[in-house]
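Thanks, everyone, for making the time this morning. I would like to go through one model with you, beginning with how far it can be trusted and then turning to how its parts meet.

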Amino acid sequence: MYEIIIVVYLLVAMALIGLVLIQHGKGADMGAAFGAGASSTVFGSSGTGNFLTKTTTILATLFFVLSIVLGNYTAKQSAPVDEWDLTAPAVEEAPVKKDDNSDIPVG
């Protein structure tokens, strides 16, 4: 189930990015005033805003809902076991022999 939600989440994210990149900003109308071409002739003058805006809103809402669902799902899982055990193993130390004339231990 988790994998299915992740795949849907990624597809929604990619679709949302694509829709945002397709839309033209409000500054695009300024170029049409100076003869840069038709500003919004593909979907009509108001069709672009309605269709793309509604689709973006639905995808953004779905993206946030899936984010919350995935966050809740992963928060309820048990904590992973630490794979990196950095504690040093207990090693018995050998007795150190000392020379009577020196302060340096001899091994």
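What you see here is a predicted model, and the mean pLDDT of the protein chain is 75, with 56% of its residues reaching 70 or more. That confidence is spread unevenly, since it is highest in helix 1, at a mean of 92, and lowest in helix 2, residues 28–33, where the mean is 58. Where pLDDT is low, the predicted coordinates should not be read in detail. I will therefore keep the residue-level remarks to helix 1 and helix 3, the elements that give two or more residues to the largest nonpolar core, and leave helix 2, with its mean of 58, aside.

Let me give the overall layout before the details. The secondary structure of the protein chain comes to 3 helices and 2 strands, and from the N terminus on these elements run α-α-α-β-β. Of the 107 residues in the chain, 11% count as buried, while the accessible surface comes to about 9,200 Å², with 65% of that belonging to carbon and sulfur atoms. If we take the contacts in the protein chain with a separation of 6 or more, residues 24 or more positions apart account for 80% of them.

Now to the core. In soluble globular proteins, nonpolar side chains tend to be buried together. In this model the largest nonpolar core has 8 residues, namely Ile 5, Val 12, Leu 16, Leu 19, Leu 52, Leu 59, Leu 66 and Leu 70, and the elements that contribute two or more residues to this core are helix 1 and helix 3. Taking one member of that set, and leaving aside its neighbours within four places in sequence, Leu 52 is in contact with Leu 19, Ile 22 and Gln 23.

Gln 23 comes up again when we look at Thr 56, a residue of helix 3. With a relative accessible area of 15%, Thr 56 falls under the 20% cut-off and so counts as buried. Its side chain makes a polar contact with the side chain of Gln 23, at 2.7 Å, and, again setting aside neighbours within four places in sequence, Thr 56 is in contact with Leu 16, Leu 19, Val 20 and Gln 23. For comparison, Ala 15 lies in helix 1 and is partly exposed, with a relative accessible area of 34%; the C-alpha atoms of Ala 15 and Thr 56 are 8.8 Å apart in space, although the two residues are 41 apart in sequence.

Next, the aromatic residues, where the structure holds 3 aromatic pairs. The rings of Tyr 9 and Phe 63 have their centres 5.0 Å apart and their planes at 10°, so this pair is stacked. That pair links distant parts of the chain, as Tyr 9 sits in helix 1 (residues 2–22) and Phe 63 in helix 3 (residues 47–75), 54 residues apart. The rings of Phe 63 and Phe 64, by contrast, have their centres 5.8 Å apart and their planes at 70°, so that pair is edge-to-face. Taken together, ring pairs link Tyr 9, Phe 63 and Phe 64 into a cluster, of which Phe 64, at 55% relative accessibility, counts as exposed.

I will finish with Val 69, which also lies in helix 3 and counts as partly exposed at 36% relative accessibility. The C-alpha atoms of Val 69 and Tyr 2 are separated by 9.9 Å, with their positions 67 residues apart along the chain.

Conventions: Residues numbered from 1 in each chain as written. Heavy atoms only, no water. Phe/Tyr/Trp six-rings, centres within 6.5 Å; stacked < 30°, edge-to-face > 60°. Helix = DSSP H or I, 4+ residues; strand = E, 2+ residues; numbered from the N terminus. Buried < 20%, exposed > 50% of the residue type's maximum accessible area, 1.4 Å probe, protein only. Core = buried A, V, L, I, M, F, W, Y, C linked by side-chain atoms within 4.5 Å. Contact = heavy atoms within 4.5 Å. Polar contact = N/O pair within 3.5 Å; in protein donor to acceptor, adjacent residues only side chain to side chain. Areas by Shrake-Rupley, 256 points an atom, 1.4 Å probe, with all protein chains shown as cover. pLDDT = per-residue confidence, 0-100.
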